[in-house]
Amino acid sequence: MRIFLTSSKDEAWDIASARIIDTAFEGMKLGVATGSTPLGLYARLRQAHAEGRFSLAGSSAWALDEYVGLAEDHPEGYRNVLRAELVGPDKTGLAEEDLHTPDGSATDLEAAATAYEEAIGSVDMQILGIGGDGHIGFNMPSGSLASTTHVGTLTQETREANARFFSGDVSSVPEKCLTQGLATIMRAKEIILLAFGREKARAVAELIEGPVSAFWPATVLQHHPRVTILADELAASELTMIDYYRAKNDW
Ligand code: F6R
């Protein structure tokens with residue numbers, strides 16, 4: 001694991017976007033997270049596209065997850081969120097048909113999960129956020145470390161955390177989701193995980209220094225050969241070896 005402690009979210013977004021821009025190629029499969037963590041990164045990719053330094057035209061983007069049961073035009077449906085962030089010549093050049101999201105409105109959700117798992121293969125670069133309980137994608141604590149794309153149930157903690165996107169109304173946050181599994185995420189060739197704020201500190205400490213455990217799903221990344229963690233000072237605040245990581249900051 002490469003661990004890079006940043007003084008701000010902006011620094012983390014700068015570093016992550018530079019890495020993606022540097023390694024991008026036509027036909028790249030980019031794995032994309034939703035939530036608030038990657039928003040500044042997407043803004044930088046849009047800026048780079050506007051300046052002619054980056055394009056997802058001819059490439060594809062693959063969502064980690066999708067809510068089940070939201071109306072197709074619900075602005076917080078992850079397909080709609082990612083469309084607004086990335087799709088179109090005024091964004092990153094990504095074509096609508098090259099944005100892939102699990103079909104949370106399918107009548108047969110198991111079949112939709114299998115279809116997504118088969119379609120995704122492996123992405124070239126995966127962007128990840130992390131939940132306060134260590135979830136990545138919507139892989140909640142206690143799920144299988146070997147899971148593939150599946151129908152999941154959100155914890156109450158995650159629904160409460162995400163209520164801010166639903167006017168603060170927890171009851172509007174779906175209970176079910178379709179999510180890439182941990183084994184799906186592990187097939188990515190390279191992974192960049194961003195973590196910001198005090199509420200992520202325990203999860204970041206477990207991710208980097210804890211034992212691998214299904215109870216802290218992100219710890220599976222300790223088995224991945226090419227993971228970079230970009231954490232701000234608050235998210236890094238429970239790390240035991242913080243001085244060492246700070247000293248070697250070797251991006
Ligand atoms: C979203 C996702 C989640 C989020 C996590 C953190 O696609 O997969 O794992 O990355 O819930 O969310 P934020 O960034 O809103 O703190």
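Reader: Which helices each supply at least two residues of the lining of the largest pocket? What makes a stretch a helix?

Author: H1 and helix H5 (156–162) each supply at least two residues of that lining. A helix is a DSSP run of H or I with at least four residues; a strand is a run of E with at least two, and both are numbered from the N terminus. H5 gives the largest share of the lining, 4 residues.

Reader: What does the model rest on?

Author: This is a predicted model, where local features need pLDDT of at least 70 and side-chain atom pairs pLDDT 80 or more, while totals for chains, interfaces and linings use all residues. Residues are numbered from 1 along each chain as its sequence is written, and side-chain values use heavy atoms, without hydrogens and water.

Reader: Why is the largest pocket called a pocket and not a cavity?

Author: On a 1 Å grid over the protein atoms alone, a pocket is an open set of points with protein on both sides within 12 Å along at least five of seven lines; a cavity is a set where a 1.4 Å probe fits but cannot get out. Lining residues have an atom within 4 Å of a point. The largest pocket has 28 of them, with Thr37, Ile130, Gly131, Arg164 and Lys200 nearest its centre. Its volume is about 610 Å³, meaning the space filled by probe spheres set on points joined across faces, edges and corners.

Reader: How many residues of that lining count as charged?

Author: The lining divides into 9 nonpolar, 12 polar and 7 charged residues. Asp, Glu, Lys and Arg count as charged; Ala, Val, Leu, Ile, Met, Phe, Trp, Tyr, Cys and Pro as nonpolar; the others, Gly among them, as polar. Therefore Lys and Arg fall in the charged class.

Reader: What lines the largest cavity?

Author: Ile120, Gly121, Ser122, Val123, Gln126, Gln180, Thr184, Ile185 and Ala188 do. By class, 4 are nonpolar, 5 polar and none charged. The space is about 30 Å³.

Reader: How do you know that S2 and S6 pair?

Author: Two strands pair if DSSP finds at least two bridges between them. Strand S2 (residues 29–32) and strand S6 (residues 125–128) have 2 bridges, in the parallel sense. So they meet the cut-off. Leu30 stands opposite Met125 in S6.

Reader: Where do they sit in the sheet?

Author: The open sheet of 7 strands has the order S1-S10-S9-S6-S2-S3-S5, with parallel pairing. What makes S1 (2–6) and S5 (99–100) edge strands is that each pairs on one side only.
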